[in-house]
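User: Could you walk me through this model and the reasoning behind each label?

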Amino acid sequence: MTGTGPLLQVENLKVAYPIRSSILLRKTGENVAVSDVNFELSAGQTVGLVGESGSGKSTVARTVIGLVKPSAGRIRFDGQDITDYSPRQLKSVRRQMQMIFQDPQASLNPRLTVRDIIAEGWRVHPGLVARSRWTAEVKELLERVGLNPDYSDRYPHQFSGGQRQRIGIARALALRPKLIICDEAVSALDVSVQAQVLNLLDDLQRELNLAYLFISHDLSVVEHICDRVMVLNRGVVVEEGTAVELFENPQDEYTKRLFAAVPVVRPWLEQTP
Amino acid sequence: MTMTQPERDATSSGTPLLSVQDLAVEFSTSAGVVRALDGVSFEVSEGETLAILGESGSGKSVTAQAIMALLPRPAGSIAGGRIVYGGTDLAAQPIKKVRELCATEIAMIFQDPLSSLNPVFRIGYQIAEPFRRRRGMGKREAWAKALELLKRVGIPDAETRIRDYPHQFSGGQRQRIMIAMAIALEPRVLIADEPTTALDVTVQAQIMTLLADLQAETGMALILISHDLGVVADVAERAAIMYAGRIVETGRIREMYDHPAHPYTQGLLDSIPSASTIGERLKPIVGAPPNLLSLPTGCSFHPRCPFATEACKAAVPPLRQPDGWLPPHLAACIRSEEVLAK
């Protein structure tokens, strides 16, 4: 590990998209997606980003991973300032940050076998795993995420939703990341399967000392898995704190409204005064 | 009404408005015939809300499709059972007749309002359409009715917004528009299939409140289909939990959640993360839902069930009342007493 400080540091992050005039494409204004976002994330820690659709959760994640250029602010990863890195420089950094997406169906190439999906990253980053080790390594990864290692020659459509999400996790782990961004990673799964995947994420974090940036609109999942939570509203962090603090005693009006709207499984338990 | 009330569901207060009895639905696929629904029975009365809960593939949506004669053709068909509405068996009627009836008396709203609205027509036109087609109203009169509905479902500035197109509305507003269309002809039964799944939590709560308010006003029966056990808890009095095409537990929602009598219901409730699970491991149900093409013998939940015994593999357990528990509560498990004791 390079630095001893936090793995990821985001300072005064701002992302704005220009609004251009229809003819000369002159910049006539800007649409601010997120502004003034600050946070740190250490190895072994989970930070949650919550907010409604359009609040800027995904924009923050996309900026961290370098898919969107920030208009202002700095992003430091493992001690290096990666804000102005060129695509070439970003390549090696990106290996260490992987992403798990919401829809495992859409994020796995239907024409590749599970083995090829997982090994694809090694093709892009040669030298990480020797080609002779690929088959064995794929099997180990599948086993690690709780799938039958003999399934490596199957195609994504032969798996259930929860299993596909496990493949997505195996693909992310294949590149030995330090940070995994989970963008609504369990939102599309049924509750019984969701619990399995959450437990798996938890195990992997303990074992590999992974940092998670966890984005979700499901507040009970966030409360369960995150150490710290940031609440975004219209691109601004309105409140942040440890998960326990925040959920027990929200201060901001918006946060209160958001939490109050979360459906409770047994509402009658809370109605008793 | 001439029909006899089925004894397996004696929960509702009045005469049932819609009664589904022993419904079976089959789909023919290239891999063989799949029984998507088997022995499904429930009923709803006027002013009552029934939640149908289950995970993907459990048959919740197929149930709604069967009632509305919307099963994909030619693959899907009703293989048995009755759907009794107002004394007639919808399952025995030609599709065209059922659709006609559904247009005015049984309405449905879907998960994704954007794909259910036509993007090239103003929403006013779309809401007014049922009044013109089914009630033979003139353009002006129908438009006025549409405006009234928009106001009723809480679209602000309805006078101007009525001229807008679907893409100009937010997700929550679109669902309100869908609800406006569904209640336009004052249906007696409204089926809502995952009405809030695609929406943010704050909007979700608003839509559920709207549905409850409309129901209180009109006295319609509401069938809420959801995968989310929490969303329906406030609104529904009764629930039916589905697994692999069957109802595995049914009863008053509060009693079921507090005292689940089927291991699947118990497993679902245990899987939900909550404040009390922080720092602990969740207790998921092991394994995955079965493939309907090759259902396990006997109780289809037995491979995932912590209570399973040899007897569970032998026969499909019928819904029954666990010993020592009150009537509306039924579970399809031979070991309900042990499940309840846990």
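User: What makes helix α10 and strand β8 of chain A stand out in pLDDT?

Analyst: On pLDDT, the predictor's confidence in each residue from 0 to 100, helix α10 (residues 267-271) of chain A has the lowest mean among the elements of that chain, 74, and strand β8 (residues 211-215) of chain A the highest, 96. Chain A averages 90. Helices (H or I, at least four residues) and strands (E, at least two) are DSSP runs, numbered from the N terminus. This is a predicted model, where local features need pLDDT of at least 70 and side-chain atom pairs 80 or more, while totals for chains, interfaces and linings use all residues. Residues count from 1 along each chain as its sequence is written, with chains lettered from A and ligands numbered from 1 in the order written.

User: Why is chain A called as compact as a globular protein of its length?

Analyst: The globule rule is 2.2 Å times the number of residues to the power 0.38, and the radius of gyration is taken over C-alpha atoms. The rule gives 19 Å for 273 residues and chain A has 20 Å, which is close, so the label fits.

User: How do you know which strands of the open sheet in chain B are its edges?

Analyst: Two strands pair if DSSP finds at least two bridges between them. The order of the 7 strands is β6-β7-β8-β3-β9-β10-β11 (chain B), with mixed pairing. β6 (106-109) and β11 (330-331) of chain B each pair on one side only, making them the edge strands.

User: What makes β6(B) and β7(B) a parallel pair?

Analyst: DSSP's minimum is two bridges, and β6(B) has 4 with β7 (residues 189-193) of chain B, in the parallel sense. In this pair, B:A107 stands opposite B:L190.
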